[in-house]
Amino acid sequence: MRNYYSIFGVVGAISILLIIMVFSLLTPGYSHIWQTISELNSSSSKLGLPMNICYTLGFFALILFACFFTFSKNYFAKFSGF
């Protein structure tokens with residue numbers, strides 16, 4: 001069972017990084033140096049809603065990964081899960 005939760009952690013982290021990279025490439029004129037990631041999913045952005053939906057899926061995978069640590073017997077793992 002532990003390996004399944006590890007997969008959720010890897011998938012969640014990689015998906016969030018990929019979301020940022022893909023949506024920054026799809027946004028014309030976006031500068032990685034001068035603009036923040038928050039500008040990619042602002043209310044004035046055309047791609048704000050799809051990006052937020054993808055973020056939700058990525059963070060859901062990370063929440064499942066954190067649940068594994070929350071129910072662990074190790075104190076430090078529990079603390080890390082919370």
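The following paragraphs describe the fold, the nonpolar core, a polar loop residue and the exposed nonpolar residues of a predicted model.

Local features were considered at pLDDT of at least 70 and side-chain atom pairs only at pLDDT 80 or more, whereas totals for chains, interfaces and linings use all residues. Residues are numbered from 1 along each chain as its sequence is written, and side-chain values rest on heavy atoms, with hydrogens and water left out.

The secondary structure of the protein chain consists of 3 helices and 0 strands, in the order α-α-α from the N terminus; helices (H or I, at least four residues) and strands (E, at least two) are taken as DSSP runs and numbered from the N terminus. Of the 82 residues, 23% count as buried, where buried denotes under 20% relative accessible area, exposed over 50%, and partly exposed the range in between (1.4 Å probe, protein chains only). The accessible surface, computed by the Shrake-Rupley method with a 1.4 Å probe, comes to about 6,300 Å², of which 73% belongs to carbon and sulfur atoms. Among contacts (heavy atoms within 4.5 Å) between residues at least 6 apart in sequence, 45% join residues at least 24 apart.

The largest nonpolar core, defined as a set of buried Ala, Val, Leu, Ile, Met, Phe, Trp, Tyr and Cys residues joined through side-chain atoms within 4.5 Å, has 8 residues, namely Ile16, Ile19, Ile20, Phe23, Tyr30, Leu40, Met51 and Tyr55. Helices H1 and H2 (48-70) each give two or more residues to this core, and H1 provides the largest share, with 4 residues. Leaving aside neighbours within four places in sequence, Met51 is in contact with Ile19, Phe23, Ile37, Leu40 and Asn41.

Leu40 is also approached by Ser45, a residue of the loop between H1 and H2, whose side chain reaches the backbone oxygen of Leu40 at 2.9 Å and the backbone nitrogen of Leu47 at 3.3 Å. Beyond neighbours within four places in sequence, Ser45 is in contact with Glu39 and Leu40.

Nonpolar residues are also found at the surface, where Tyr4, Ile7, Phe8 and Val11 make a nonpolar patch of about 400 Å². Tyr4, which belongs to helix H1 (residues 2-26), counts as exposed because its relative accessibility is 56%. Leu57, located in helix H2, is likewise exposed, with a relative accessible area of 59%. The C-alpha atoms of Leu57 and Gly12, 45 residues apart along the chain, are separated by 7.9 Å.

Key. Patch = residues over 30% accessible without salt bridge, like charges linked within 9 Å, V, L, I, M, F, W, Y side chains within 5 Å. Salt bridge = Lys/Arg side-chain N within 4 Å of Asp/Glu carboxyl O. Polar contact = N/O pair within 3.5 Å; in protein donor to acceptor, adjacent residues only side chain to side chain.
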